[in-house]
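Q: Please take one part of this model and go through it closely. Then work outward from there to the surroundings, the backbone and the ring contacts. Keep it brisk.

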Amino acid sequence: MKKGVISVFSLFQTLRFPVAGLALIFFLDGPPQPALAQTAKSDDPVQTRAWAPAAIEQAQKMRQFKDADRGSQPTPPIIPRFEADDDPSGRMATFQPGGPTFTPLNAFFQNLGTNGRTCFTCHQPQTGWTVSAAGVQTRFEASLGTDPIFRLVDGATCPSDKVKTLADKREAYKLLIAKGLIRIGLPIPMPMPPAPPLQFEVTEVDDPYQCTTNPATGLTSPTAGMLSMYRRPLPSTNLGFLSTIMFDGREPSLQSQAIDATLTHAQGNPPGPTMDQVSQIVAFESGIFTAQVFDNEGHSLHDRNATGGPAALFAELSKFFIGINDPLGHNPTGAPFDPNIFDLYKPWQSLRGEGDETQDRLSVARGEEVFNTTNINITGVQGLNDDLNMPSIPGFCGTCHDTPNAGDHSFKAPLNIGIANAGANSPPALDISGLPVFTLTCTQGPLAGQTFVVTDPGRALISGQCKDIGRFKGPILRGLAARAPYFHNGSAATLLDAVNFYDQRFNIGFTDQQKEDLVNFLKTL
């Protein structure tokens, strides 16, 4: 439970008010209002949903494997206009400019499927509107594995896993418990003209869970069937800053994502949620803004003219447009790229004093400067070096994280920086143990004859193109402290692990002090 914050839910619990006693809520926080919907700048009319029918069909078929547990997702009666929750580094806060949301009236919190899940199952405020590994572990222990997040369809390593005993459940849900990973089942694409033909085949699979290797749940040939990958759920907040939806960019809109998530993760009955329900889901998730608001060492993140926290982040949204500050020429205004992505803690650079609070704030300010100004020699990044035909690109952190004060890429640009690599090219400083390994051989196109060994084919499972193997989008960087582990496959247990990966991957040469400062800064986002 939150410290120093009185939530409406805690008042309900303490005073044992029925839902009918909503006059108290009105008095405290104003009457619930419809969530504030933002323009979906991330909509991609070019992106098809060719992958969706097979993925949905598999999720529906997986009902043959019966869940041992039933029950719906526990949900608070209201999400306040402002709510702060404890996290390992301090407090994470969510701000709704449009006012509080009364959860029984919004489909985001309603059971629209057949397995007891709601959107809220995998998207909760205390973990930055996703899940953390620590949070999942707590839910497992508290419920003995009965919480709706623990469902066979994608919470288990494979829907065919045994879950009769508590030991069975620990084994079946091991990746979800240890790394907060959800199974994503996607078909090998069968592009239809005028799209280019499939350029690769799956020539080898090392699958410890026998999900991709079992024809009932996986591949039926090297070029047909389903692959099971394991990915972190993306946060359902700060969506107004998105340029791409999903790690592999497979969804053309937030509306389609809401429908597909209901039909797969919640195993909803086709045709899925109504348009009104979809509108409610999108309006809510588009109308919440989340960021760290308090740091255990630096304390208030909007003190002394700093601009941390979700309210200041919301103020940034009016400035955002697709391509803003893009370094590759996609900025429609023609303005040059500025590597100074974050300016939240610039006022702290001039602080003076020896106290612990001041020293930590100075570290945060230095870390922001490290992020903004460190020169990086970018090499071997598919989506940059190959697309631009430049073996070496002088860059910064902001070259790939260019959206001001949000930190994702402002233009759709899936990249392969090596996180999905396996075998001899496994990424440094990251833990990819427990993940399946796929060998993809290119049979057509400019990369014909080349072989890729990866834990996840990435966007290639959407496009069918070899150049997209291992390519993923970079997520928004706000709210990091609450949602470890990091990267699409949970391979960085801590922010220091993520920093060490970049340091070794690009031979940056960070000092220990720079690493400490950079981590302290990232924790305050």
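A: Start with Gln267, in the loop between helix 8 (254-264) and helix 9 (275-286). The model is predicted. Is Gln267 buried or exposed? Its relative accessibility is 4%. That is under the 20% limit, so Gln267 counts as buried. What does Gln267 touch beyond residues up to four places away in sequence? One group of partners is Ala59, Gln60, Met62, Arg63 and Asp67. Another is Gly113, Thr114 and Asn115. Val153 and Thr262 complete the list.

Helix 9 follows this loop, and helix 9 carries Phe284. That leads to the rings. The structure holds 22 aromatic pairs. One of them joins Phe109 and Phe284, with ring centres 4.9 Å apart and planes at 70 degrees. The angle is over 60 degrees, so the pair is edge-to-face. Phe109 sits in the loop between strand 4 (101-102) and helix 4 (119-122), 175 residues from Phe284, so the pair links distant parts of the chain. Both Phe109 and Phe284 are buried. The pair belongs to a cluster: ring pairs connect Phe108, Phe109, Phe120, Trp129 and Phe284. A charge over a ring is found at Arg91, whose charged end sits over Phe294, 5.0 Å from the ring centre.

Now a second buried polar residue. Asn416 lies in the loop between strand 12 (393-395) and strand 13 (437-442). Its relative accessible area is 4%, so Asn416 is buried. The side chain of Asn416 reaches the backbone nitrogen of Gly418 at 2.9 Å. Leaving aside neighbours within four places in sequence, Asn416 is in contact with Gly380, Val381 and Gln382. Its other partners are Asn421, Ile469, Gly470 and Arg471. For scale, the C-alpha atoms of Asn416 and Thr165 are 40 Å apart, with their positions 251 residues apart along the chain.

Follow the contact to Ile469. Besides Asn416, Ile469 is in contact with Leu440, Cys442, Phe452, Val454, Pro457 and Ala460, again leaving aside neighbours within four places. Ile469 belongs to the largest nonpolar core, which has 64 residues. Phe150, Tyr173, Leu186, Leu227, Phe241 and Ile469 touch the most other members of that core. A second, separate core has 40 residues, among them Leu351, Leu415, Tyr486 and Ala498. In soluble globular proteins, nonpolar side chains tend to be buried together.

Ala498 leads to helix 14 (495-505). Its buried residues are Leu495, Ala498, Val499, Asn500, Phe501, Asp503 and Arg505. They pack against helix 15 (512-523). Arg505 has a ring partner: it lies over the face of Phe506, at 4.4 Å from the ring centre. Phe506 has 8% relative accessibility, so it counts as buried. Just after helix 14, Asn507 takes a positive phi of about 50 degrees.

Next, the backbone. Most residues other than glycine have a negative phi, and most peptide bonds are trans. Two other asparagines depart from the first pattern. Asn389 has a positive phi of about 55 degrees, and Asn405 has one of about 60 degrees. Asn389 is in the loop between helix 12 (385-388) and strand 12. Asn405 is in the loop between strand 12 and strand 13. How buried or exposed are they? Asn389 has a relative accessible area of 68%, so it is exposed. Asn405 is at 3%, so it is buried.

Two cis peptide bonds can be inspected as well. One joins Pro193 and Pro194, with omega about 10 degrees. Pro194 lies in the loop between strand 5 (182-187) and strand 6 (200-206). The other runs from Ala484 to Pro485, with omega near 0 degrees. Pro485 is in the loop between helix 13 (460-463) and helix 14.

Last, confidence. The chain averages a pLDDT of 92, and 92% of the residues score at least 70. Residues 1-39 fall below 50, and this stretch has 62 contacts in the model beyond near neighbours in sequence. Where pLDDT is low, the predicted coordinates should not be read in detail.

Notes: Residues numbered from 1 in each chain as written. Predicted model: local features only at pLDDT ≥ 70, side-chain atom pairs only at ≥ 80, totals over all residues. Heavy atoms only, no water. Core = buried A, V, L, I, M, F, W, Y, C linked by side-chain atoms within 4.5 Å. Buried < 20%, exposed > 50% of the residue type's maximum accessible area, 1.4 Å probe, protein only. Contact = heavy atoms within 4.5 Å. Helix = DSSP H or I, 4+ residues; strand = E, 2+ residues; numbered from the N terminus. Polar contact = N/O pair within 3.5 Å; in protein donor to acceptor, adjacent residues only side chain to side chain. pLDDT = per-residue confidence, 0-100. Phe/Tyr/Trp six-rings, centres within 6.5 Å; stacked < 30°, edge-to-face > 60°. Lys NZ or Arg CZ within 6 Å of the ring centre and 35° of its normal.
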